[in-house]
Amino acid sequence: MIYYVEDDDNIRDLTVYALRKQGIEAEGFSCDGEFKAAVARRVPDAVLLDIMLPGDDGLAILRRMKESVRTADIPVIMLTARATEYDKVKGLDAGADDYVTKPF
C-alpha cells in the first residue's frame with residue numbers, strides 16, 4: 001500500500017489512478033489529519049509526500065514519521081513542486097529516501 005499526501009485534488013487523484021492502473025494498491029489524502037487516521041488503521045509500505053500542505057507541511061510530517069518507531073522505516077519520496085537545491089537538501093536531511101519535483 002502506498003499513501004500519497006497531496007492537497008491538490010487533481011494531482012492526487014491522477015497519481016493514485018496511475019499507481020492503481022499499474023496494479024499498486026494506493027490511497028490519497030489531502031492533509032495530515034487524514035493521513036494520520038489512515039496510518040493508525042494501516043501502516044503503508046511507502047509514502048509519497050508533498051511539502052506544501054495545509055496545517056503541518058510535508059517536512060513536519062516526514063520528521064514525525066522518522067521519529068516514530070512505527071513509521072521510521074517506511075520509505076518516503078518527496079513529490080513536490082518545491083525544486084530548489086535548498087528544498088531538496090531539507091527533504092533528504094529530514095529523512096526522505098528520494099526527492100522528485102513535479103513536472104507541472
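**A five-stranded parallel sheet and its surroundings**

Within this predicted model, Leu49 has its bridge partner in strand 4, and that partner is Met78. This pair is a good place to start, since the two strands involved lead on to the rest of the fold. Strand 3 and strand 4 pair in the parallel sense, over three bridges. Between them the chain travels from strand 3 through helix 3 to strand 4, and this β-α-β crossover is right-handed. Strand 4 itself is mostly covered, with four of its five residues buried.

On from strand 4, the pattern continues towards strand 5. Strand 5 spans residues 98-101, runs parallel to strand 4 and is joined to it by four bridges. In this pairing, Leu79 stands opposite Val100 of strand 5. Helix 4, residues 85-93, takes part here as well: strand 4, helix 4 and strand 5 make a right-handed β-α-β unit.

The sheet can now be viewed as a whole. Five strands form an open sheet in the order 2-1-3-4-5, with parallel pairing. Strand 2 (26-29) and strand 5 are the edge strands, each pairing on one side only. On average, neighbouring strands of this sheet are turned by 20° against each other, direction ignored. As general background, strands of a sheet pair through backbone hydrogen bonds, either parallel or antiparallel.

At the other side of the strand order, strand 1 and strand 2 run parallel and are joined by four bridges. Here the bridge partner of Tyr3 is Glu27 in strand 2. Helix 1 packs on the sheet, where it touches strand 1, strand 2, strand 3 and strand 4, and its direction makes about 175° with that of strand 2.

Thr15 gives a close-up of helix 1, which covers residues 9-21. Is Thr15 buried or exposed? Its relative accessible area is 18%, so Thr15 is buried, the cut-off for buried being under 20%. A polar atom of the Thr15 side chain lies 2.9 Å from the backbone oxygen of Ile11. Leaving aside neighbours within four places in sequence, Thr15 is in contact with Tyr4, Leu48 and Leu79.

Attention turns next to the nonpolar cores. In soluble globular proteins, nonpolar side chains tend to be buried together. The largest nonpolar core in this model has 21 residues, of which Tyr3, Phe35, Val47, Leu49 and Met78 touch the most other members. At least two residues of this core come from each of strand 1 (2-5), helix 2 (32-41), strand 3 (46-49), helix 3 (58-67) and strand 4 (76-80). Helix 3 supplies the largest share, four residues. Which residues does Phe35 touch, not counting residues up to four places away in sequence? They are Tyr3, Val5, Phe29, Val47, Ile61, Arg64 and Met65. A second, separate core has eight residues, including Tyr4, Ala26, Leu48 and Leu79. Three residues named in this second core, Tyr4, Leu48 and Leu79, have already appeared as contacts of Thr15 in helix 1. In a regular strand the side chains alternate between the two faces of the sheet.

Some individual positions complete the picture. Asp50 is found in the loop between strand 3 and helix 3. With a relative accessibility of 2%, Asp50 counts as buried. The Asp50 side chain makes a polar contact, at 3.2 Å, with the side chain of Thr80.

Thr80 is met again in the surroundings of Thr101, a residue placed in strand 5. Not counting residues up to four places away in sequence, Thr101 touches Thr80, Ala81, Arg82, Ala83 and Lys88. The C-alpha atoms of Thr101 and Lys88 are separated by 9.1 Å, although these residues are 13 residues apart along the chain. Thr101 has 29% relative accessibility and therefore counts as partly exposed.

Ala40, in helix 2, offers a contrast to the buried Asp50. Ala40 is exposed because its relative accessible area is 54%, and the cut-off for exposed is over 50%. Its C-alpha atom is separated by 9.8 Å from that of Arg70, a residue 30 residues apart from Ala40 along the chain.

Terms used:
Residues numbered from 1 in each chain as written. Predicted model: local features only at pLDDT ≥ 70, side-chain atom pairs only at ≥ 80, totals over all residues. Heavy atoms only, no water. Buried < 20%, exposed > 50% of the residue type's maximum accessible area, 1.4 Å probe, protein only. Polar contact = N/O pair within 3.5 Å; in protein donor to acceptor, adjacent residues only side chain to side chain. Contact = heavy atoms within 4.5 Å. Core = buried A, V, L, I, M, F, W, Y, C linked by side-chain atoms within 4.5 Å. Pairing = 2+ DSSP bridges. Right-handed = clockwise from strand over helix to strand, strands pointing away. Axes fitted to C-alpha atoms, helices over the stretch in contact; angles between N-to-C directions.
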